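Student: Please take me through this one, a piece at a time.

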Amino acid sequence: MADDGTLAVHGVDEPKEFYATQAVVDSANASLRAVNSTVELTTGGRSIGVGGLRLLRVQPTVLSEQSTEGQLGQFASLLRSTCISVACSLIGSEHSKRARAVLGDGTDFLLTPGSDSDDRANRLADAVAGDTAGTLDTAGALAAAGGSQAPGADLGKRYGEATRDGGRDATEERLGINKYASPGPGEGFAIFSMLAADDRDHSVSPPVERGENVWGYHFAAVVARSLDGSCQVTLENYSRNEFGEKARSDLYDVLLKRAKSGGGWFSQLKPLLESDDQQAFKAKFDEVLAALVRDPEVKKNRGLPRLQLQRDFEDHTCRSWFFRVYGGGAGESFHEQQAASGYFNNPMTLRVARPDPAGP
């Protein structure tokens with residue numbers, strides 16, 4: 001619940017709705033439209049009373065060809081299942097893995113993460129870790145992020161120990177990072193793990209072994225904010241193995257048989273194996289789609305069967321979106337909640353926005 005009562009989210013795991021005043025929704029939609037976001041907020045159905053305010057039920061509507069039905073409840077697939085792809089589309093980025101990191105004074109640098117990290121973010125974390133005098137400003141941060149020098153040895157341990165218990169609080173506030181990152185609607189959060197040589201999270205004492213579920217990064221788009229600015233609502237997503245397993249059992253065999261029905265080289269397509277990891281699954285799925293695209297019947301129908309297959313796949317893999325609320329009190333920020341989740345080692349959080357369309 002926001003301090004001013006203009007926004008609230010049910011205390012359930014991964015809710016698919018929240019409640020807000022019409023003014024909150026109108027302001028959010030104006031910001032989302034300004035960045036050409038792929039989503040807008042829609043009110044409808046029940047409402048709740050909080051104090052003297054009436055909060056409306058809010059859900060997202062995806063602005064794409066896949067949401068032509070246009071009714072509440074017909075937007076389950078948010079195009080992609082990975083957090084960064086969803087977030088980038090929501091903040092208006094034209095690339096599924098490109099965003100602009102915005103520092104406290106509005107200066108920025110480009111982020112283009114690989115599979116589990118981003119070199120610029122790593123170099124910034126290295127500069128923060130080395131700022132023992134507390135003099136690092138945004139100009140120095142930009143120079144470090146955009147430089148060519150590799151971070152020093154064992155970045156995760158050094159950064160985690162440096163930021164532990166508020167050790168770089170003044171620097172973080174000056175740069176607008178970690179708990180001081182404060183994006184508005186149409187922008188987002190990006191949190192990165194800084195991996196240590198011993199695979200431990202050194203941002204807590206004693207250092208903790210997080211196990212095998214540590215994420216390299218997570219992106220979350222902000223879609224609404226309370227009128228007093230005390231709460232932000234994100235629309236998030238992340239890849240989940242159970243959806244891949246469902247695709248294996250319920251969909252892939254069907255697609256494989258359909259692709260092989262044309263004969264010829266299609267017969268060389270391979271079934272899934274229990275030993276296939278996510279990368280192997282993706283490679284085989286892409287091979288099946290490529291086979292279907294080359295099928296004369298698919299070509300004759302102008303690719304519509306392929307589009308339908310892609311939508312079928314998304315129906316199995318992209319129902320994992322949810323809202324989450326973050327506040328301004330102690331322990332309520334995005335950075336603090338994500339750091340406490342156990343999914344990150346030595347985390348750094350940045351405010352992100354869409355890149356300049358005219359930029360690189």
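Tutor: Happy to! Strands here are DSSP runs (E, at least two residues) and helices are H or I runs of at least four, numbered from the N terminus; two strands pair if DSSP finds at least two bridges between them. This is a predicted model, where local features need pLDDT of at least 70, side-chain atom pairs need 80 or more, and totals for chains, interfaces and linings use all residues. Residues are numbered from 1 along each chain, and side-chain values use heavy atoms, without hydrogens or water.

Student: How many bridges join strand E5 to strand E6?

Tutor: E5 covers residues 99–102 and E6 covers residues 108–111. Ala 99 of E5 faces Leu 111 in E6. The strands run antiparallel, and the bridges that join them number four.

Student: Which residue in the hairpin of E5 and E6 takes a positive phi?

Tutor: Five residues lie between the two strands of this hairpin. With a phi near 95°, the residue in question is Gly 106.

Student: How many residues of helix H3 are buried?

Tutor: H3 spans residues 119–129, 11 in total. Its buried residues (under 20% relative accessible area, 1.4 Å probe, protein chains only) include Asn 122, Arg 123 and Leu 124. H3 is largely enclosed by the rest of the structure because its buried residues number eight.

Student: Which elements do the buried residues of H3 pack against?

Tutor: Contact means heavy atoms within 4.5 Å. The helices packed against are H4 (138–145), H5 and H6. The strands are E6, E7 (188–193) and E13 (347–353).

Note on methods. Buried < 20%, exposed > 50% of the residue type's maximum accessible area, 1.4 Å probe, protein only.
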